[in-house]
Number of protein chains: 2
Amino acid sequence: MSGTRLQSHPASAAEVARLAGVSRSAVSRTFIEGASVSAETRARVLAAAEALNYHVNHLARGISKQDSRPVCLIGATLDAPFHARMLDRLTQALQRARRMVMVINTGGADGPGAGVHQALEHALSYRAVATVVLSGTPPADLVAACVAAGQRMILLNRADPLPGICHIRVDDAPAMRDAVSMLLRAGVRRCALVTSASGTPALAQRAAHFRREAEAAGLSLRVWQGGPTAYATGQRAARELLAGADRPEGIFCVTDLLAFGVIDAARHEFRMEIPRDLSVIGFDDVAQASWGAYDLTTFAHPFDAIAEEILLRIGSTELPEAPILLPPTLCWRGTVRPEG
Amino acid sequence: MSGTRLQSHPASAAEVARLAGVSRSAVSRTFIEGASVSAETRARVLAAAEALNYHVNHLARGISKQDSRPVCLIGATLDAPFHARMLDRLTQALQRARRMVMVINTGGADGPGAGVHQALEHALSYRAVATVVLSGTPPADLVAACVAAGQRMILLNRADPLPGICHIRVDDAPAMRDAVSMLLRAGVRRCALVTSASGTPALAQRAAHFRREAEAAGLSLRVWQGGPTAYATGQRAARELLAGADRPEGIFCVTDLLAFGVIDAARHEFRMEIPRDLSVIGFDDVAQASWGAYDLTTFAHPFDAIAEEILLRIGSTELPEAPILLPPTLCWRGTVRPEG
DNA sequence: CTGAAAGCGCTTACAG
DNA sequence: CTGAAAGCGCTTACAG
């Protein structure tokens, strides 16, 4: 990439061939790994390409070659810490594999349904090799239509398996057992569960697991559910849970973001000290969880493992039937009392 | 998008034409806005398309039509709150304009130089209509090479204008005047400036503006610079600035992320109260700035205005010569003492 | 309004 | 190893 030549239109392979005095095919071969070209023609082609500032048009190549087709990432609220982290890891992994990645943000659409519908249509239109749904819950019939149209689909953290689709999920049952036993050891008797009303299957399932474990352990449990998966929702939850008598002594939030809201409201609006007056546990281990202001005890979402798994599946021709379960890992920090 | 038909290969327009009993061109016309097709053929084509689960192949269309070519977004550390926010707003805006957006994460590359180089080559290869560089500082000669290859480029927050390129920048000179006068009113005499060593031109310029204003106002100023633009860097800065005698009474951080680190270290490691013992000002107004734990006084980066501006420039044939300056707006919150 | 034909920029058997 | 030719899936003058 050198050159000062100004061009209105980018150079095509035909022009390169002409300048190098070789055939159109020779130019193609020069830029295909392992194709048979003599060292000499190759050199001449490369020189001509350099002179004309030529780059293979991957858009055109993608028509016939599978592997220069894009991977499509669909998600919303891309600036939420969890999504941002997933996106960062995924784009990095795909970049390493020299994949083009196209991102579709379904957040700005008129209705939630409209967004996903448009997004999937978009993915189909650009003949993505695979479509990864990072968040949200695409209706089952839409997903089925995509599969029918020959689209390879990978869904993240969706609870109920759909036929013909790759599922990658976090295995949170064991983590929920850990969460409950941490609370027990902290001397918690009355606890609460905070979750959003977003209806994401993964969160619903996580909540169900926690609930089951808490009940099995004989904890008294209040379930608070409402709003989007956001900081402000956590604040609201804390305001309602901590207002009355019989305050919970421990709160599990299905997401770090909710936990931050809970902690801040507890501290600044109720003058509580954490973990002395209240133990809090989150989930995801987003960057802020390790910040001094929170120092949140949580479970690390296996971001990198998920990214690797996706990379693996994109290349392979057939997708596994059973959901792929990846374990989160406990991050012990300072928001749960160490011992009774 | 209905259908249960399983296909190995997605349907092509030729197949649709055959099924509908019309010419190949008729199918194309049906899917092009404003092309002339009779209502009847149109209906037949649509029916056939539905039956075969056909979607126009935008990859192929992009070869000849400008407007189905992608917009390329280049950035690193996409999970940093500032980048995540910009990415969210930008993808949303581009989505609304029905643009395909490809994202290139230069973070994972071997060397910092290697990443940007690869990214730009990638953008060229996919014949992006425009390439937006969100962060980082691509070497001037690389950028020149892209322009030479016919690539339209938009750079964000880069200080020195390069020829033939669209620059969008935040106009932080007035904001820095505001920052200094806020500190003065808070009774601050000894102040500090915290910035990273990342060498981003925008940050360097912002720091220079603050410095000039602070000196003009007769404030005593210590400049701390080091590390990446990250939370931990802010912590380090606070540790060094607050350790000795003659502690600063006010700190301006060129970025919210740095400010969070400063605040947490000041509170939890030095037992200081904010704003009583220390006034802190940030820049960007990232989501966390309004969280209860920080309640940070800062300047809102004009994310939406930038996104709109970019959208505008992508469509237009010629880019403006002069940099586009967008003003940040003050967010008065709780980390600066109200009055002397 | 419609279809046959040439074009976009690429790849890939096929002969030599 | 090489080039002429057919193919990928699309669009777009050009006649009718």
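**Protein surface at DNA strand C and the second largest pocket**

The surface near DNA strand C comprises nine nonpolar, eleven polar and six charged residues. The model is predicted. In total, 26 residues surround the strand. Those that come nearest are Ala13(A), Ser28(A) and Arg61(A), together with Arg29(B) and Ser36(B). Of the atoms of DNA strand C that come within 4 Å of the protein, 64% belong to sugar and phosphate.

Three helices each supply at least two residues of this surface. Chain A provides α2 (24-30) and α4 (58-64). Chain B provides α2 (24-30).

Phosphate oxygens of DNA strand C take part in several polar contacts. In chain A, a polar side-chain atom of Tyr54(A) lies 3.0 Å from a phosphate oxygen. Asn57(A) uses its backbone instead: an N or O atom there lies 2.7 Å from a phosphate oxygen. In chain B, the side chain of Ser38(B) places an N or O atom 2.8 Å from a phosphate oxygen of the strand.

The second largest pocket was examined next. Its space amounts to about 1100 Å³. A total of 45 residues line this pocket. Closest to its centre are Ala76(B), Thr77(B), His83(B), Ser135(B) and Thr229(B). Both chains give helices to the lining. From chain A, α5 (81-96) gives two or more residues. From chain B, α5 (81-96), α6 (112-125) and α9 (201-216) each do so. By class, the lining holds 21 nonpolar, 17 polar and seven charged residues.

Definitions and conventions
Residues are numbered from 1 along each chain as its sequence is written. Chains are lettered from A and ligands numbered from 1 in the order in which they are written. This is a predicted model: local features need pLDDT of at least 70, side-chain atom pairs count only at pLDDT 80 or more; totals for chains, interfaces and linings use all residues. Side-chain values use heavy atoms; hydrogens and water are left out. A residue is near a molecule or strand if one of its heavy atoms lies within 4 Å of it. A polar contact is a pair of N or O atoms within 3.5 Å; within protein, one must be able to donate a hydrogen and the other to accept it, and residues adjacent in sequence count only if both atoms are side-chain atoms. Helices (H or I, at least four residues) and strands (E, at least two) are DSSP runs, numbered from the N terminus. Ala, Val, Leu, Ile, Met, Phe, Trp, Tyr, Cys and Pro count as nonpolar, Asp, Glu, Lys and Arg as charged, and the others, Gly among them, as polar. On a 1 Å grid over the protein atoms alone, a cavity is a set of points where a 1.4 Å probe fits but cannot get out, and a pocket is an open set with protein on both sides within 12 Å along at least five of seven lines; lining residues have an atom within 4 Å of a point. Grid points are joined across faces, edges and corners, and a volume is the space filled by probe spheres set on the points.
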